[in-house]
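Let's take a walk through this structure together, from the overall picture down to single residues. Please keep the viewer open as you read.

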Amino acid sequence: MIRDVQEILLSKEQIQERVKELGEQITKEYAGKEPMLIGVLKGSVPFMADLIKEISVPCTIDFMAVSSYGASTQSSGIVRILKDLDSNIKNKDIIIVEDIIDTGYTLKYLIENLMSRKPASIKVCCLLDKPDRRKVALDINYRGFTIPDAFVVGYGLDYAEKYRNLPYIGILKREVYQTP
Ligand SMILES: O=P(O)(O)OC[C@H]1O[C@H](OP(=O)(O)OP(=O)(O)O)[C@H](O)[C@@H]1O
Ligand code: HPA
Ligand SMILES: [Mg+2]
């Protein structure tokens, strides 16, 4: 465990096992369909990479980049599109793949934005759900873990762009982001 992490919340093994289960659930529920998974950059990259290997129906992937945190542990509440999809999603079955749903601002914005493009359906798959900090109500179809209200890093999740490469999810020490 690295020095900036206070506690490991989810080990590499716990994550891998749960991702496998989520992939199996999606495979069952999308039998006969060809879903398009939309990953939300950059946090969802490790999750997306592992998840698609556990899905055995044919699927496609695309990415969108949105950002509301920047170098902060608090959402600005303002979501900006930094990169749009490459493909048209009209009449497609979409699964939005997120690393974490915290305030919910990012996902709410994304769902409204993607709905206007008239897909056949939109479902949400998130690895982490932090319900204590939710500001907007949302339906989550596939949820990896529910976590307590702490700022977490690793497995894609960053603080000021760092720690995304950790293979586990850990709670970041407060002293890393709080000035005394
Ligand atoms: O529910 P919310 O409060 O909106 O927070 C969740 C979003 O915030 C993070 O992204 P961030 O904006 O930090 O971009 P990143 O994925 O590039 O780190 C995270 O990856 C989610 O997309
Ligand atoms: O706890 C978090 N960690 C990293 N990024 C985040 N974006 C929203 N919540 C978090
Ligand atoms: Mg971030």
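A definition will help us first: the expected span of a helix is 1.5 Å times one less than its number of residues. Please also bear in mind that this is a predicted model.

With that rule in hand, turn to helix α1, which covers residues 12-29. Its 18 residues should span 26 Å at 1.5 Å a residue, and the end C-alpha atoms are indeed 26 Å apart, so expectation and model agree. Which residues of α1 are buried? They are Ile15, Val19, Leu22 and Ile26. Looking down the axis of α1, you will find the buried residues within an arc of 60°, so they line one face of the helix. The face turned away from that buried side carries exposed residues, namely Glu13, Gln16, Glu17, Glu21 and Lys28. As for what the buried residues of α1 pack against, the partners are one helix, α2 (45-52), and the strands β1 (5-10), β5 (93-101), β6 (121-129), β7 (142-146) and β9 (169-172).

Now zoom out to the chain as a whole. It holds 4 helices and 9 strands, and from the N terminus on their order is β-α-β-α-β-β-β-α-β-β-β-β-α. How does the radius of gyration fit the number of residues? A compact globule of 180 residues would have a radius of gyration near 16 Å, and the chain has 16 Å, which agrees. Along the principal axes, the C-alpha atoms fill a box of roughly 55 × 35 × 25 Å. Buried residues account for 28% of the 180 residues. If you count the contacts in the chain with a separation of 6 or more, 65% of them are between residues 24 or more positions apart.

One residue that illustrates such contacts is Val40, in strand β2. Val40 has 23 other C-beta atoms within 10 Å, and a residue counts as buried from 20 upwards, so Val40 is buried. Leaving aside residues up to four places away in sequence, Val40 touches Met64, Val66, Ile96, Val97, Glu98, Thr106 and Leu110. Val40 can also serve as a starting point for a distance check: Arg164 is 124 residues apart from Val40 in sequence, and their C-alpha atoms are 14 Å apart in space.

Next come some backbone details. Most residues other than glycine have a negative phi, and most peptide bonds are trans. Where does a cis peptide bond occur here? One joins Leu41 and Lys42, with omega at about -5°. Lys42 belongs to the loop between β2 (36-41) and α2.

Two positive phi values are worth a look as well. Ala160 is not a glycine, yet its phi is near 50°, and Tyr163 likewise has a positive phi, of about 75°, without being a glycine. Ala160 lies in the loop between β8 (152-153) and β9, and the loop between β8 and β9 is also the place of Tyr163. Are these residues buried or partly exposed? Ala160 counts as partly exposed because it has 13 C-beta neighbours inside 10 Å, whereas Tyr163 is buried, with 21 other C-beta atoms within 10 Å.

Two further loop residues are useful for getting your bearings. Arg133 sits in the loop between β6 and β7 and, with 13 C-beta neighbours inside 10 Å, counts as partly exposed. What does Arg133 touch, not counting residues up to four places away in sequence? The answer is Asp102, Thr103 and Asp149. Gly104 is 29 residues apart from Arg133 along the chain, and the C-alpha atoms of the two are separated by 8.5 Å. Ser56, in the loop between α2 and β3 (60-67), is also partly exposed, with 13 C-beta neighbours inside 10 Å. From Ser56 to Val152 the chain runs 96 residues, and the separation of their C-alpha atoms is 30 Å.

Val152 brings us to the last stop, ligand 2. There are 8 residues around this ligand, and Ile100, Asp102, Phe151, Val152 and Leu157 come nearest. How does the shell around ligand 2 divide by residue type? It has 6 nonpolar and 2 charged residues, with no polar ones. Asp102, met above as a contact of Arg133, is among the nearest residues to ligand 2.

Key:
Residues are numbered from 1 along each chain as its sequence is written. Chains are lettered from A and ligands numbered from 1 in the order in which they are written. This is a predicted model: local features need pLDDT of at least 70, side-chain atom pairs count only at pLDDT 80 or more; totals for chains, interfaces and linings use all residues. A residue is near a molecule or strand if its C-beta atom, placed from the backbone, lies within 6 Å of it. Ala, Val, Leu, Ile, Met, Phe, Trp, Tyr, Cys and Pro count as nonpolar, Asp, Glu, Lys and Arg as charged, and the others, Gly among them, as polar. The radius of gyration is taken over C-alpha atoms; the globule rule is 2.2 Å times the number of residues to the power 0.38. A residue is buried if 20 or more other C-beta atoms lie within 10 Å of its own, exposed if 12 or fewer, and partly exposed in between; C-beta atoms are placed from the backbone. Two residues are in contact if their C-beta atoms, placed from the backbone, lie within 7 Å. The arc is that of the directions from the helix axis to the C-beta atoms.
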